[in-house]
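Colleague: Before we discuss particular residues, could you put the model up so that we can both look at it?

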Amino acid sequence: MRAGITAFSCGVILLYWLDFIPPLMWLGTGFVVLLVASRISAMQTLRGALLVMAALIGGLGWAALAAGDRLERSLPVDLEGRLLKVEGYLCDIPSPGVYNSVRFSLCVERWLSLDGSVADRSRLPRKLRLAWYGEEATLMLPHRMQAQVVLKRPHGSVNPVGFRYESWLFRHNYRATGTLRQIDIVADTTCAPECQYHRMRNTLAHRLHATLMAADHHPLAEALMIGYRGWLTPDHWRVFKDTGTIHLVAISGLHLGLIAVFVGIAVRWVLRWLPRHWLSPHRQRLVLVGVVLLVSLAFALLAGFTVPTRRALAMVAVASWLALRARQVSAWSGWLLALTLVLVFDPFAPMDQGFWLSFLAVAILILAFARRLRPASWLGALVIAQFAVFAGLWPVLAWSGQATSPVSGLANLVAIPWLSLVVMPVLLVGGCVLAIAPGLSGWVGGLFDLVLGLLWHWLAGLSALPVSDLGGGAVLAALVALAVLLCLVLPDRRVRLATATAVLVWFVVGVTLESSQPLANEYVSQPEIWFWDVGQGTSVLLRHERSVLLYDTGPESPSGHSAVAGVILPNLQRLGVKTLDHLVISHGDSDHAGGLPMLFTALPVDRVVSGEPERVSSLWRDGRSPPVLPCESGQVFMVGQLEVRLWQYQPPDGRPPAGNDASCVLAARYAGTEVILPGDISRDVEHSYLVEHALYRALDPPQRGQRLVLAPHHGSKTSSGPRWVAQLLPDLVVFSAGYRHRFGHPHDQVVDRYRAAGSKSYNTAYSGALRVVISGLEVVVEESRSAAPFWVDSTDVVSGHGR
């Protein structure tokens, strides 16, 4: 039985390691054949092996069925960009977004105003992710509405590593995104039970915010009480990330487990006062388990019944079952049962990092405590648990490319008991008081500020410490984790002490040696150019040997989200880039110079050049970053064996250039191959550059290789004029633009102009990040989207086309 459950779970997980969804006909046939073969087999061992294989195929088929159905519900291509009308209801709590927008989810009940081009409306998306822009945008949206929307298919940036919005959309069943253009209230308030549930939760969220909005730490209170994190600021997320405590504000196993414990203690206390003949011990356990499960379910619904809460609810249910069985089942059986339940009810769970971290954390705790002969004290158990989970999850985080801060263990060592013993009881009791006597909101809010303020000051203080993240890679982290777990599992105290001492000495020596070594980038023998997929913006990496140049850093939104955090830094870490020799910021626009403070904090930068040095310098004020040098025409330097030459337009009237035309143009040459990165220059400036370019090539004619050009201004119709294209005649042209962005880049005329010149076109919006390798006179181009998993749409990857 256990082998079959394990095989089924492995089958569900296996799907997300494949590059495609296996045909259901094949899986169904294989499942039936294996079942029949197991029934007619005379050998018990062979019969068991066949059943295990059938369970594996069954799990794979279950996941494939769910994933295939979800993919089929994507918005049809011919409906993109059209004004559509839908009727539905809010299925989450609206939250403030960037550029004064409101973000919300709409569950669609009916698609209106569609012509006969859609044959089967039942296969249209059921859930939309929408943004409402403009002065009329408000968080007080009507619950049921008819909305005019402009939609597009699920799409996001695709780079080798880093956050993938498209994966997040698929995981949460958003099969279209778009903007709200007009909204009408639906007078009929009757709706399905799920609709009524969301209405009640939205009403509760608005009332709670109105009651607590005067409290300083109301964002934390609302996140912990009802799971609404819309009021958390970028500073909140930065501190949580730096201290490894993001899990504190995600309603999950910790919070639901605390609720279960508190309720269990209260029910036990009540049962003790009842006459013994009323309920037998077995029925008392039934009452205890039933009440705990009901309250846990109610809290999970209050928190939005999100993915982490559903996972935590399954764990609480299994733990309650183990308690009901009076510990006649092993902890590992309960762990496996919880894992299987989660995968049965949510076959998309393996896409979540939280799924892996939560089950691995529980497994580590079982290893740490299951074989102990004597129970540890509460303080000892807390220290052991934090030490074990910190060491055990370190290799997982390192393998996924995430940094691990050494202060996270200390932060959680204090934060978890404070949250468990003080914050959550105060919030629960305070919430009940507010429900009965809303007039006491001032006193309750002050108490919330007291307990949450102490927690916040502790985490913010640790975040401000000048401590570097743990390095060493996944292999070193795995070895340390193995040694720590062995130290906790081994029964002999002397052996544990010796192992712990060896691990501590090894760790300190390793970290000391690593910190004393000079920073060196990973060596590459052939020049590489990476065009990062940063949406509507530009960022390009050039590297050869151990020298690295970054041209522009992509966009940054007013909320603080930047391409530096989400794309550039994770991918530089993956490439082994530890320092930047040159940083060239073409000009100061936010889609080219975003996230600079974070970049300077994360990496040493030897030299910074920009076409607008004063404007770029004003983007940070720390005084520790290198000065921004002006872009000087004719300046030449080397990046490995790449010869880099800078140029900037100088107006005839002698005034310094500004805006797009101030862009610092970069040209790099290697073995006859030329790469031109022109920023956002306009057609007039293109003509000036072409004169300089022709003169330069006449004085130093290169061996004829290939020419790769980044289209000026993302392919805008104000750039890439006929003369520019005709004189350069690029072999390859790259458009760095956002998918179906409101600016409409690249313009159709520009795409056609390059195509008529014989240029092979790539667009990061359709190809994802591009890796270009210069090999002699040949250029090899790799598109990230073509290697993306099956749930990331790769039908847009058409090499040689700009759109």
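Colleague: Which residues form the nonpolar patch on the surface?

Modeller: This is a predicted model, in which local features need pLDDT of at least 70 and side-chain atom pairs count only at pLDDT 80 or more, while totals for chains, interfaces and linings use all residues. Residues are numbered from 1 along each chain as its sequence is written, and side-chain values use heavy atoms, with hydrogens and water left out. A patch takes residues with over 30% relative accessible area and no salt bridge (a side-chain nitrogen of Lys or Arg within 4 Å of a carboxyl oxygen of Asp or Glu), joining like charges within 9 Å and nonpolar side chains (Val, Leu, Ile, Met, Phe, Trp, Tyr) within 5 Å. With about 640 Å² of accessible area together (Shrake-Rupley method, 1.4 Å probe, only the protein chains shown counting as cover for residues), the members are L14, W17, L56, W356, L360 and W399.

Colleague: Is L360 buried or exposed, or partly exposed?

Modeller: L360 belongs to helix α12, residues 353-369, where helices (H or I, at least four residues) and strands (E, at least two) are DSSP runs numbered from the N terminus. Buried means under 20% relative accessible area and exposed over 50%, with partly exposed in between (1.4 Å probe, protein chains only). At a relative accessible area of 31%, L360 is therefore partly exposed.

Colleague: Why does S719 count as buried, and which residues does S719 touch?

Modeller: S719 is placed in the loop between β17 (707-710) and α22 (722-728). S719 counts as buried because its relative accessibility is 0%. Leaving aside residues up to four places away in sequence, and taking contact as heavy atoms within 4.5 Å, S719 touches I681, S682, R683, E686, P712, H713, V750 and R753.

Colleague: How many aromatic pairs are there, and why is the pair of W530 and W532 stacked?

Modeller: Rings of Phe, Tyr and Trp (its six-membered ring) pair if their centres lie within 6.5 Å, and planes under 30 degrees apart count as stacked, over 60 as edge-to-face and the rest as tilted. By this rule the count comes to 19 aromatic pairs. The ring centres of W530 and W532 are 5.0 Å apart and their planes stand at 15 degrees, so the pair is stacked.

Colleague: Which residue lies over the face of F637?

Modeller: A charge sits over a ring if NZ of Lys or CZ of Arg is within 6 Å of the ring centre and within 35 degrees of the ring normal. At 5.0 Å from the ring centre of F637, the residue over its face is R607.
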